[in-house]
Amino acid sequence: MSFFNTLQRNLLAGAGLIALAGAAVADAGHEDAANIGQSGDITHIDRVIEVKMGEMFFKPNVFDITKGETIKFVISNNGRAVHEFAIGTEEMQINHEAEMREMQKKGMITVNKLRHDKMRAAGMMHVDANARLLAPKEKAELVWTFSGDAPDILIACNVPGHRQAGMHAKINITGAHS
Ligand SMILES: [Cu+2]
(Lines give C-alpha, C1' and ligand atoms only; values in the text may rest on other atoms or scores of the structure.)
Protein backbone atom coordinates (compact mmCIF):
# COMPACT_ATOMS: atom_id res chain seq x y z
CA MET A 1 0.00 0.00 0.00
CA SER A 2 1.39 3.33 -1.06
CA PHE A 3 1.67 6.11 1.50
CA PHE A 4 -0.02 8.26 -1.12
CA ASN A 5 -3.46 6.89 -1.42
CA THR A 6 -5.09 7.90 -4.64
CA LEU A 7 -8.57 8.45 -3.33
CA GLN A 8 -10.13 11.54 -4.77
CA ARG A 9 -10.98 14.42 -2.47
CA ASN A 10 -14.70 13.91 -3.07
CA LEU A 11 -14.47 10.28 -1.98
CA LEU A 12 -12.68 11.36 1.16
CA ALA A 13 -15.70 13.44 2.10
CA GLY A 14 -17.40 10.22 3.25
CA ALA A 15 -16.63 9.52 6.89
CA GLY A 16 -16.21 5.80 6.26
CA LEU A 17 -13.59 6.46 3.65
CA ILE A 18 -11.72 8.82 5.92
CA ALA A 19 -11.38 5.97 8.39
CA LEU A 20 -10.29 3.72 5.53
CA ALA A 21 -7.64 6.19 4.43
CA GLY A 22 -6.37 6.43 7.98
CA ALA A 23 -6.03 2.67 8.20
CA ALA A 24 -4.23 2.54 4.86
CA VAL A 25 -1.76 5.12 6.02
CA ALA A 26 -1.15 3.27 9.25
CA ASP A 27 -0.31 0.22 7.17
CA ALA A 28 2.22 2.09 5.08
CA GLY A 29 5.03 1.17 7.44
CA HIS A 30 5.02 -2.50 6.38
CA GLU A 31 4.31 -5.55 8.52
CA ASP A 32 4.55 -3.95 11.91
CA ALA A 33 1.69 -1.56 10.92
CA ALA A 34 2.52 1.24 13.30
CA ASN A 35 -0.59 2.65 14.91
CA ILE A 36 -0.37 6.42 14.77
CA GLY A 37 -4.03 7.08 15.52
CA GLN A 38 -6.67 8.12 13.03
CA SER A 39 -8.56 10.90 11.32
CA GLY A 40 -10.51 12.72 13.98
CA ASP A 41 -14.21 13.42 14.18
CA ILE A 42 -14.62 17.11 13.32
CA THR A 43 -17.63 17.35 15.62
CA HIS A 44 -15.57 16.25 18.65
CA ILE A 45 -12.50 18.43 18.65
CA ASP A 46 -10.73 18.75 22.01
CA ARG A 47 -8.26 21.44 21.02
CA VAL A 48 -7.27 23.66 18.12
CA ILE A 49 -3.57 24.24 17.51
CA GLU A 50 -2.29 26.74 14.99
CA VAL A 51 0.89 25.73 13.22
CA LYS A 52 3.00 27.92 11.01
CA MET A 53 5.40 26.51 8.44
CA GLY A 54 8.37 28.29 6.89
CA GLU A 55 11.97 27.71 5.86
CA MET A 56 12.70 25.29 7.49
CA PHE A 57 10.57 25.08 10.58
CA PHE A 58 7.29 24.33 12.24
CA LYS A 59 6.11 26.75 14.88
CA PRO A 60 5.48 25.43 17.45
CA ASN A 61 7.87 22.54 17.11
CA VAL A 62 6.85 20.57 20.18
CA PHE A 63 3.31 19.29 20.71
CA ASP A 64 2.27 17.94 24.09
CA ILE A 65 -0.77 15.76 23.53
CA THR A 66 -2.86 13.61 25.82
CA LYS A 67 -3.43 10.11 24.50
CA GLY A 68 -6.79 9.92 22.76
CA GLU A 69 -7.06 13.66 22.29
CA THR A 70 -8.56 14.94 19.03
CA ILE A 71 -6.64 17.93 17.74
CA LYS A 72 -7.58 20.24 14.92
CA PHE A 73 -4.38 21.57 13.42
CA VAL A 74 -4.82 24.81 11.50
CA ILE A 75 -1.77 24.89 9.30
CA SER A 76 -0.42 27.89 7.38
CA ASN A 77 2.43 27.90 4.96
CA ASN A 78 3.97 31.31 5.53
CA GLY A 79 7.14 30.40 3.67
CA ARG A 80 8.27 30.82 0.10
CA ALA A 81 8.59 27.13 -0.63
CA VAL A 82 6.16 24.23 -0.78
CA HIS A 83 5.93 22.60 2.65
CA GLU A 84 4.23 19.60 4.13
CA PHE A 85 2.75 18.79 7.52
CA ALA A 86 2.80 15.01 7.95
CA ILE A 87 2.07 12.98 11.07
CA GLY A 88 3.86 9.64 11.09
CA THR A 89 6.52 7.39 12.45
CA GLU A 90 10.13 7.82 11.40
CA GLU A 91 9.70 4.97 8.93
CA MET A 92 6.54 6.45 7.42
CA GLN A 93 8.26 9.79 6.99
CA ILE A 94 11.17 8.13 5.19
CA ASN A 95 8.82 6.24 2.84
CA HIS A 96 6.83 9.36 2.21
CA GLU A 97 9.94 11.33 1.33
CA ALA A 98 10.88 8.76 -1.31
CA GLU A 99 7.49 9.21 -2.96
CA MET A 100 7.75 12.97 -2.70
CA ARG A 101 11.12 12.79 -4.47
CA GLU A 102 9.42 10.85 -7.29
CA MET A 103 6.75 13.51 -7.52
CA GLN A 104 9.41 16.19 -7.66
CA LYS A 105 11.21 14.34 -10.45
CA LYS A 106 7.99 14.14 -12.43
CA GLY A 107 7.36 17.85 -12.03
CA MET A 108 4.31 17.52 -9.78
CA ILE A 109 6.07 19.50 -7.07
CA THR A 110 8.40 22.38 -7.82
CA VAL A 111 10.22 24.49 -5.24
CA ASN A 112 7.23 26.77 -4.77
CA LYS A 113 4.35 25.25 -6.69
CA LEU A 114 2.04 22.27 -6.56
CA ARG A 115 1.01 21.03 -9.98
CA HIS A 116 -2.34 19.45 -9.18
CA ASP A 117 -2.95 18.92 -12.89
CA LYS A 118 0.12 16.70 -13.16
CA MET A 119 -0.69 14.87 -9.93
CA ARG A 120 -4.18 14.18 -11.20
CA ALA A 121 -2.89 12.95 -14.55
CA ALA A 122 -0.55 10.54 -12.78
CA GLY A 123 -3.20 9.41 -10.28
CA MET A 124 -1.07 10.80 -7.45
CA MET A 125 -3.38 13.37 -5.94
CA HIS A 126 -1.77 14.26 -2.69
CA VAL A 127 -4.69 13.51 -0.39
CA ASP A 128 -3.56 11.71 2.74
CA ALA A 129 -5.53 11.57 5.95
CA ASN A 130 -2.41 12.31 7.99
CA ALA A 131 -0.72 14.95 5.84
CA ARG A 132 -1.22 18.28 4.12
CA LEU A 133 0.98 19.57 1.33
CA LEU A 134 0.76 23.32 0.92
CA ALA A 135 2.00 25.82 -1.61
CA PRO A 136 3.19 29.21 -0.27
CA LYS A 137 0.33 31.20 1.36
CA GLU A 138 -1.94 28.17 1.47
CA LYS A 139 -3.77 27.12 4.61
CA ALA A 140 -5.33 23.80 5.60
CA GLU A 141 -6.83 21.93 8.50
CA LEU A 142 -6.12 18.44 9.71
CA VAL A 143 -8.09 16.73 12.46
CA TRP A 144 -6.34 13.83 14.12
CA THR A 145 -7.11 11.60 17.10
CA PHE A 146 -3.92 10.51 18.83
CA SER A 147 -5.19 7.13 19.92
CA GLY A 148 -2.30 5.07 18.58
CA ASP A 149 0.53 3.46 20.48
CA ALA A 150 3.42 3.96 18.04
CA PRO A 151 6.21 5.33 20.22
CA ASP A 152 7.99 7.41 17.62
CA ILE A 153 5.38 9.68 16.06
CA LEU A 154 6.61 12.99 14.79
CA ILE A 155 5.54 15.74 12.44
CA ALA A 156 7.78 16.33 9.46
CA CYS A 157 7.96 18.04 6.12
CA ASN A 158 8.96 15.47 3.54
CA VAL A 159 9.70 17.81 0.69
CA PRO A 160 13.16 16.36 -0.08
CA GLY A 161 15.84 17.99 2.05
CA HIS A 162 13.50 19.87 4.36
CA ARG A 163 13.36 17.39 7.21
CA GLN A 164 17.15 17.09 7.11
CA ALA A 165 17.35 20.89 7.28
CA GLY A 166 15.43 20.84 10.54
CA MET A 167 11.82 20.85 9.43
CA HIS A 168 10.38 18.44 11.95
CA ALA A 169 8.48 18.70 15.21
CA LYS A 170 8.21 16.54 18.28
CA ILE A 171 5.01 14.95 19.52
CA ASN A 172 4.88 13.96 23.18
CA ILE A 173 1.93 11.77 23.99
CA THR A 174 1.20 11.26 27.66
CA GLY A 175 -1.49 9.93 29.96
CA ALA A 176 -4.99 9.08 28.90
CA HIS A 177 -7.75 11.32 27.69
CA SER A 178 -10.79 11.38 29.98
CU1 LIG B 1 9.22 21.97 4.06
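Two residues are in contact when their C-beta atoms, placed from the backbone, lie within 7 Å. With that in hand, let us start at Ile87 in this predicted model. Leaving aside residues up to four places away in sequence, Ile87 touches Ile36, Asn130, Ala131, Trp144, Ile153 and Ile155.

**The core around Ile87**

Ile87 and Phe85 have the most contacts inside the largest nonpolar core, a set of 34 residues. Seven named elements give two or more residues each to this core: the strands β4 (62-66), β5 (70-77), β6 (83-89), β7 (131-134), β8 (139-145) and β9 (153-156), together with the helix α3 (90-105). Across the protein, 39% of the 178 residues count as buried. Contacts that span the sequence are well represented too: of those with a separation of 6 or more, 74% are between residues 24 or more positions apart.

**The overall layout**

The secondary structure comprises 4 helices and 10 strands. From the start of the sequence to its end, the pattern reads α-α-β-β-β-β-β-β-α-α-β-β-β-β.

**An open sheet**

Strands of a sheet pair through backbone hydrogen bonds, in a parallel or an antiparallel way. Here, 5 strands form an open sheet in the order β1-β8-β5-β2-β3, and the pairing is mixed. At its edges are β1 (38-39) and β3 (57-59), each of which pairs on one side only. Further in, β5 and β8 run antiparallel and are joined by 7 bridges. If you would like a residue pair to look for in the viewer, try Phe73, which stands opposite Leu142 in β8.

**Backbone geometry worth a look**

Most peptide bonds are trans, and most residues other than glycine have a negative phi. A few places in this model depart from that pattern, and the two cis bonds are set out below.

| Cis peptide bond | Omega | Where the second residue lies |
|---|---|---|
| Glu55 and Met56 | about -20 degrees | Met56: loop between β2 (47-54) and β3 |
| Lys59 and Pro60 | about 0 degrees | Pro60: loop between β3 and β4 |

And which residue has a positive phi although it is not a glycine? That is Lys137, with a phi of about 75 degrees. Lys137 is found in the loop between β7 and β8. Is Lys137 buried or exposed? A residue counts as exposed if 12 or fewer other C-beta atoms lie within 10 Å of its own. Lys137 has 11 such atoms within 10 Å, and is therefore exposed.

Key: Residues numbered from 1 in each chain as written. Predicted model: local features only at pLDDT ≥ 70, side-chain atom pairs only at ≥ 80, totals over all residues. Core = buried A, V, L, I, M, F, W, Y, C linked by C-beta atoms within 7 Å. Buried ≥ 20, exposed ≤ 12 C-beta atoms within 10 Å, placed from the backbone. Pairing = 2+ DSSP bridges.
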